[in-house]
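Hi everyone, thanks for coming. I'd like to walk you through a structure that may be new to you, so grab a seat and have a look at the screen.

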Amino acid sequence: MDEIIQTLREAPKPVLIHCKAGSDRTGLISALYCLTLKGETPAQADRELSVWYGHIPLTKTIAMDHSYWHYVSNHLARADLNLQPAAVSR
């Protein structure tokens, strides 16, 4: 996920993120974007993984939720996650 975040930081904007259904893996990447580049709180960013965007956390798709919170808890515990919004070039 650190590599994904680095790619999001360095990618020319706007960035299009899409997976097969556009809700599960896309929601995870969107949540990471909101957390690290926009500076949203973990709970705010987690809204990207919601039914509102087509994400239904059942069976396999709940792995996105678990992965997001595992990433957040590991990095916040180590206090090395930069939660400040990055300068976004437009």
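I'll start with the overall layout and then go through a few spots one by one.

First thing to keep in mind: what you're looking at is a predicted model. The protein chain has four helices and zero strands, so if you read along from the N terminus, the elements go α-α-α-α. There are 90 residues in the chain, and 38% of them are buried. As for the surface, the accessible area comes to about 5,900 Å², with 59% of that belonging to carbon and sulfur atoms. And how does the chain contact itself? Take the contacts with a separation of 6 or more: 62% of them are between residues 24 or more positions apart.

Okay, let's go along the chain. Helix 1 covers residues 2-10, and in the loop between helix 1 and helix 2 you'll find Pro14. Have a look at the bond that joins Lys13 and Pro14: that's a cis peptide bond, with omega about 0°.

Next up is helix 2, residues 25-36. Its twelve residues reach 17 Å from the first C-alpha to the last, which is close to the expected 16 Å. How many of those twelve residues are buried? Ten of them, so helix 2 is mostly covered. Among the buried ones are Leu28, Ile29, Leu32 and Leu35, and also Cys34.

Let's stop at Thr36, which is in helix 2 too. Is Thr36 buried or exposed? Its relative accessible area is 0%, and anything under 20% counts as buried, so Thr36 is buried. Its side chain reaches the backbone oxygen of Leu32 at 2.8 Å. In general, residues three or four places apart in an α-helix point the same way, because there are 3.6 residues a turn.

A bit further on there's a charged pair. Searching the whole structure turns up one salt bridge, and Glu40 forms it with Lys38, with the closest N and O atoms 3.4 Å apart. Side chains of opposite charge can pair when their charged atoms come close. The two partners sit in different settings, by the way: Glu40 is buried at 15% relative accessible area, whereas Lys38 is partly exposed at 47%.

Now for the loop between helix 3, residues 42-46, and helix 4, residues 62-78; Thr61 is found there. The side chain of Thr61 reaches the backbone oxygen of Ile56 at 2.5 Å. Leaving out residues up to four places away in sequence, Thr61 touches Asp24, His55 and Ile56.

Ile56 comes back in another role. Together with Val51 and Leu58, Ile56 forms a nonpolar patch on the surface, with about 310 Å² of accessible area between them. Leu58 is in that loop between helix 3 and helix 4 as well, and Leu58 is exposed, with a relative accessible area of 54%.

Last stop: Ile62, in helix 4. Why do we call Ile62 partly exposed? Because its relative accessible area is 31%, and partly exposed runs from 20% to 50%. Ile62 and Leu49 are 13 residues apart in sequence, and their C-alpha atoms are 9.5 Å apart in space.

That's my tour, so over to you for comments.

Terms used
Residues numbered from 1 in each chain as written. Predicted model: local features only at pLDDT ≥ 70, side-chain atom pairs only at ≥ 80, totals over all residues. Heavy atoms only, no water. Helix = DSSP H or I, 4+ residues; strand = E, 2+ residues; numbered from the N terminus. Expected span 1.5 Å × (residues − 1). Buried < 20%, exposed > 50% of the residue type's maximum accessible area, 1.4 Å probe, protein only. Contact = heavy atoms within 4.5 Å. Areas by Shrake-Rupley, 256 points an atom, 1.4 Å probe, with all protein chains shown as cover. Polar contact = N/O pair within 3.5 Å; in protein donor to acceptor, adjacent residues only side chain to side chain. Patch = residues over 30% accessible without salt bridge, like charges linked within 9 Å, V, L, I, M, F, W, Y side chains within 5 Å. Salt bridge = Lys/Arg side-chain N within 4 Å of Asp/Glu carboxyl O.
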